[in-house]
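Reader: Please take me through the pairing of strands in one sheet of this model, with enough of the surroundings to place it. Please also say how far the coordinates can be trusted.

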Amino acid sequence: MPPLMAIEFLCRVADVLSDYLGGLNEDVIKDNFVIVYELLDEMIDNGFPLTTEPNILREMIAQPNIVSKVLSVVTGNSSNVSETLPGATASCVPWRTSEPKYANNEVYVDLVEEMDATINRDGALVKCEIYGEVQVNSHLSGLPDLTLSFANPSILDDVRFHPCVRFRPWESHQILSFVPPDGQFKLMSYRVKKLKSTPIYVKPQLTSDAGTCRVNVMVGIRNDPGKTIDSITVQFKLPPCILSADLTSNHGTVNILTNKTCSWSIGRIPKDKAPSMSGTFVLETGLERLHVFPTFQVSFRIMGVALSGLQIDKLDLKNLPNRPYKGFRALTRAGEFEVRS
Amino acid sequence: MAPPAQSHRSSSPSQPSGKGEVSDLKSQLRQLAGSRAPGVDDSKRDLFKKVISYMTIGIDVSAVFGEMVMCSATSDIVLKKMCYLYVGNYAKVNPDLALLTINFLQRDCKDADPMIRGLALRSLCSLRVANLVEYLVGPLGSGLKDNSSYVRIVAVMGVLKLYHISASTCVDADFPQTLKHLMLNDSDTQVVANCLTALQEIWSAEASTSEEASREREALLSKPVVFYFLNRIREFSEWAQCLVLDLAAKYVPSDNNEIFDIMNLLEDRLQHANGAVVLATIKLFLQLTLSMADVHQQVYERIKAPLLTLVSSGSPEQSYAVLSHLHLLVMRAPYIFSSDYKHFYCQYNEPSYVKKLKLEMLTAVANESNTYEIVTELCEYAANVDIPIARESIRAVGKIALQQYDVNAIVDRLLQFLEMEKDYVTAEALVLVKDLLRKYPQWSQDCIAVVGNISSKNVQEPKAKAALIWMLGEYSQEMHDAPYILESLIENWDEEHSAEVRLHLLTAVMKCFFKRPPETQKALGAALAAGLADFHQDVHDRALFYYRVLQHNVSVAERVVNPPKQAVSVFADTQSSEIKDRIFDEFNSLSVVYQKPSYMFTDKEHRGPFEFSDELGNLSIGAESAVGTVVPAHRVEANDKDLLLSTSEKEEIKGPSNNGSAYSAPSYDGSAVSAASQALSELTILNPSVPGLTPQSSLAIDDLLGLGLPEIPSPAAAPSPPLLKLNSKAILDPGTFQQKWRQLPISLSQEYSVSPQGVAALTTSEALLRHMQGHSIHCIASGGQSPNFKFFFFAQKAEELSTFLVECIINTSSAKAQIKIKADDQSASQEFSALFQSALSKFGVP
């Protein structure tokens, strides 16, 4: 048994269940045994995965939401399942439900990027990489055929596609050509490595002397991405040899949680000053200096910018009755962004 | 109305309180059973839900079986589903009641709605009651011909279920042939995929008894079938794609063009969003190109990026599974990944099992160009909060140091670790410094200076303590207070719990004694006395041995205990490469995640047929035997490049041509010995009555140590025979073979031609093994497949412990045998080569 097949399948089951039940925990499952059984019945038979496409499942088994409850009361139709079998099981685009119809045709393309970076105590960038996804939310009637092209596809290091993407056009022209599933899906994921700089800097300084350790952490903008950086927080775990910590900041709030995690939420960086946090650690008795240095984990979010520099050139839609609305967005957030001290 | 089920569950989920509920439900269901009133379905639904949730949490509700069946007459699909579920769950324990359900299930199998037909058929097949199988055949037969693909999908799986309940019924109804027809002709890919699964399972199980089935199983792997699947692979669901890829991995293409066709066809699968598909494709690619070394390389290059992406996306479980596979590949071909070392840097938040794998990979990919960065990064982890990882990373630094030629910077780092004043860091670093000194004695000055500053009181871990003691013994000349540190350690003999440490202490004090006799004399006496009184057998024996050897002759004792050492060039690998190859053959399975071949973690009855027995699997002669079971010779070459023992290193060893045996070092400095004898003879003055050197010193030692033990006679030296006669019962354990193979230079390398009879007889490696054994040449490992075979032989001189080692590669298509001979006694290798050749030439001659 290939291990990934099992793990991928379990992840998919978890996704589908939480999609159906609006969350996934013991209580939710207990309250919805029947739905869970129904879903599992369609997803796996005799140990072999069958249908895991949410669109098809949704046609076979209705979601237990309020709308369908209301509907069933109003119409008097007690069955919460459509009478007919989903056509898509036999169609050549199994990810697409048969012939959805929308009054307003719209499609949204989001670039969502996560920046993973490791920065050494001397401020040197050890590693910086971006993991990105192209998320599409499509509400289009019929069987539309979409083509998405990038202005600079050459920066992409490695890509993975949703099954709907045709391979040849990408191979020859780096164009994504596809018939989209209905609703929200992940069209493609990619990796961009060897980035040269990060949008913000975090400079921790720790100096210890005679059983106490002075801490000073400065945060500022290193490389202005052109949009506001918000939701900045700096988190770190206090080393176990620290008895107590006293930390204050000139901007934002500092919290020391019970599990010895210290969290400094900054939000946005103000124009007039550089945020800094400082204070002292009292070390265990007998320890002169701090030997174990904490790693600072930074998170932030930048709306409107894909830091990898990836840009969408254009999106063409074919096979549609009327002109749809096209929306593009970009977002970058910190993934594993860590600064060593 | 009863309160909602959940409150009951939380308050009293136990059996007794459930019982009241069950009888309650029973009566309610009974009331509803016959009712045709509007809205009755809704109340049924509530009741059914309750029954199902009781069932799920483990309350036995089989008592309401009859009532459930009665209520099953409904058109509501959800009710039906719940009813099917209930029936499926309890039919097995109530076969009599199950009979009741057959009727309505069979009726539903003819329903107008394909979904109900499918569901009913699935439930019918899931009853798993042996005496009901006769009722299955009919509905299954019509299910396989159903218009709706949904029903066919279910029916195909149903056939497999039927097969497991009653194989004969399934075969008699000729279902396998029907499935085969469906598989090759159905328009729905899920039907086709299910047919493939079912047929694979049925025919594999049947193959042992029926010849036809095994033929059919072979036919599944024939070119037309495999390509039929591969050409349609894009139409299959992602899970079915995994099945097809798995099938294709078992297919053996007839020529290289076919291999390239398959790879071209499947290249885009590497970009699939589903990791399982990607990994299955990678496995296929690797298997296909095993025989083409250069393409195999390209495959590594090609799969690198997808694998690295898979690692960084998805849940931790997914990335760990992928990482394990990556780990395997990195270990096989570190040079390919050496530029991607940054991917193996650890993130702070990663679980330690991930970090551990990454550290191993970092160690493996280190080469001249990236060592500095990797070691710098590893040093960061040494200050990690996670202590096991900190230790692991220090060990990694050490391993890199042992692999590299330029260890300058690394040694400095290690020495810095020693100064970090953290117990576990010091402990790990000490062990490493010891290994380092064994390989690079030239660094002793720098290291000893730092090690000398470490107080032995700060070192508590046995391994580290042993390492420190070893260094004290080995470098007692350079470390001023070595005898005194040893002495204080011996004073605390009783508090030392680890036998390993005590053993090292004995040896170290002996070594120290030979170098600085006057200062150590007292400590040696104390140590031997304590050792002789030790309750641990090994410690006791070693002390006794040392004592007697000293008694026999001090200079012999020194040669035994402290011979001049050759620097260790390669430390033995822990896992044999044969096992690694086997794991590689099982790529994309749990074997890789567990880092064990499947036979190690599966029961005997679940194992497939293996060429090697378990014992052979354990027989490890390390890197050199990397011949795998199905590896043609050109890959052997590639493998050899992966080995720790690279060619340049081999040359390095060639330099000093002494035979590496510790006991016959040709030259050594006798001055220390004379000083030791001096010390002893000074003592003999106390006992002047006994003349002669041997008894004199023995008594001297008795006096010195304050012990009285009987003397043992010294063994007579064996005369060496003039002619080369081989010992027919020679034995050599794989470890020694491995060690000798690495240490000794090649004394002879030749190519023979093999007689046509020999080629004909060499169908399996075993044939040659038996033949050579008849000539007193023994095989320690063999591998390969026609036309390439690789063997490792050894032989020993009849009356002397002098060994010949042979690596023999035979290519049957060119009828050539390449041999490399290594020998303890270089002068005899020509003679041995002639002998080997004559033995080989007789192979196949009746």
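Author: Chain B has an average pLDDT (the predictor's confidence in each residue, from 0 to 100) of 74, and 80% of its residues score at least 70. This is a predicted model, in which local features need pLDDT of at least 70 and side-chain atom pairs count only at pLDDT 80 or more, while totals for chains, interfaces and linings use all residues. Residues are numbered from 1 along each chain as its sequence is written, chains are lettered from A and ligands numbered from 1 in the order in which they are written, and side-chain values use heavy atoms, with hydrogens and water left out.

For the complex, the predictor gives an ipTM of 0.79 and a pTM of 0.68. In residues 1-16 of chain B the pLDDT stays under 50, and the model has 22 contacts for them beyond four places in sequence; contact means heavy atoms within 4.5 Å. Residues 681-699 of chain B also have pLDDT below 50, with 14 contacts beyond near neighbours in sequence. Where pLDDT is low, the predicted coordinates should not be read in detail.

The sheet is in chain A, which has 6 helices and 18 strands. Helices (H or I, at least four residues) and strands (E, at least two) are DSSP runs, numbered from the N terminus. Of the 341 residues in chain A, 50% count as buried, that is, under 20% relative accessible area, with exposed over 50% and partly exposed in between (1.4 Å probe, protein chains only). Among its contacts between residues at least 6 apart in sequence, 74% join residues at least 24 apart.

The sheet itself is open, with 4 strands of chain A in the order β9-β10-β15-β12 and antiparallel pairing. Its edge strands are β9 and β12 (242-249), each of which pairs on one side only. From one strand to the next, the twist averages 15°, with axes taken as lines fitted to C-alpha atoms (for helices over the stretch in contact) and angles running from 0 to 180 degrees between N-to-C directions.

Strands pair if DSSP finds at least two bridges between them. Strand β9 (residues 200-209) of chain A runs antiparallel to β10 (residues 212-221) of chain A, joined by 10 bridges. The hairpin they form has 2 residues between the strands, and A210(A) there takes a positive phi near 50°. Across this pair, K203(A) stands opposite M218(A). Towards β15 (residues 276-283) of chain A, β10(A) makes 7 antiparallel bridges. There M218(A) stands opposite S276(A), and V217(A) faces M277(A). In a regular strand the side chains alternate between the two faces of the sheet.

As for packing, a nonpolar core is a set of buried Ala, Val, Leu, Ile, Met, Phe, Trp, Tyr and Cys residues joined through side-chain atoms within 4.5 Å. The largest has 246 residues, and V61(B), Y86(B) and L326(B) have the most contacts inside it. A second, separate core of 64 residues includes L148(A), V165(A), M188(A) and A330(A).

Chain B, for context, has 43 helices and 5 strands, and 56% of its 846 residues count as buried.
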